[in-house]
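Q: I'm new to this structure and would love a close look at one pocket. Please tell me where its lining comes from and what kinds of residues it holds.
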Amino acid sequence: ITLFRGFARFREYRTMEERYGLHALAIANYPMYRGVARLLGMTLHSVTATVRDQFISLRDNFRRFDFFFLHVKGTDARGEDGNFDAKVKVIEEVDGLIPDVTALKPDVLVVTGDNSTPAVMASHSWHPVPALLASPLCRPDGVTRFGERDCITGGLGRLPMMHLMGLALAHARRLRKFGA
C-alpha cells in the first residue's frame, strides 16, 4: 500500500470498468498521471518519446479500447517554466494532431486540461480551464476557437468539470437515461 500526498488514508477506487463499463487505455508519460491511471484500473501504454508518438499509440490501439486518456505534459510544463512561446508551440503541435483523432470517428472527443498554467504566472492558477466536447449529438454553439475566453461562451459554459464524464457518457449513448 502506498499513501500519496494529500491522502490521509488509503481509499479503494472503483476502476473505469467497474464504474463506467469502459475498457480504458492511458497514454501518459508523466509519473503522477500514470499512477492515477493505474489507480483507476486503466491499462498503461508504455512511455513514448514524443507527443506525435502518443497520438500514433492512440490510433494503433483505437479498436482495442473504448476510452483513452491521452495526457500531454508539455503545455503545463512550459507554462510552469514561464515560456509562453514554447507553450504555444506544444499547443500548436497538439492542434495539428487532432485531425488524426477525428479521422478515427470517435463517439466523443473531449479536449481539456487538468489546470490552468499561464506562462505569465509560471505556475498553476485559479483560472477556468477550457473544455471541448465534440460528438455527432452535440448541439452547435457558435464557438469557433478553443481558448479560455471562447469556451466560457460555449455550450458547456463554466461547467464544474465533475460533470464532464457524465456528459461524455451521455453523448456516447452509454447512459440509459440522463437526469431525473
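A: Here is a friendly tour of one pocket and a neighbouring stretch of chain.

This is a predicted model, in which local features need pLDDT of at least 70, side-chain atom pairs count only at pLDDT 80 or more, and totals for chains, interfaces and linings use all residues. Residues are numbered from 1 along each chain as its sequence is written, and side-chain values use heavy atoms, without hydrogens or water.

The second largest pocket has a volume of about 710 Å³ (the space filled by probe spheres set on grid points joined across faces, edges and corners). Its lining counts 29 residues, and those nearest the centre are Ala131, Leu133, Asp141, Gly155 and Leu156. (A pocket is an open set of points on a 1 Å grid where a 1.4 Å probe fits, with protein on both sides within 12 Å along at least five of seven lines; lining residues have an atom within 4 Å of a point.)

Two or more lining residues come from each of β5 (131–134), α6 (148–152) and α7 (164–171) (DSSP runs: helices H or I of at least four residues, strands E of at least two). Strand β5 gives the largest share, four residues. By class, the lining of this pocket has 18 nonpolar residues, six polar and five charged (Asp, Glu, Lys and Arg are charged; Ala, Val, Leu, Ile, Met, Phe, Trp, Tyr, Cys and Pro nonpolar; the others, Gly among them, polar).

Follow the chain into the segment after α7 and you meet Arg173. Although Arg173 is not a glycine, its phi is positive, about 60°. Arg173 has a relative accessible area of 65%, so it counts as exposed (over 50%, with a 1.4 Å probe and protein chains only).

Definitions and conventions: Buried < 20%, exposed > 50% of the residue type's maximum accessible area, 1.4 Å probe, protein only.
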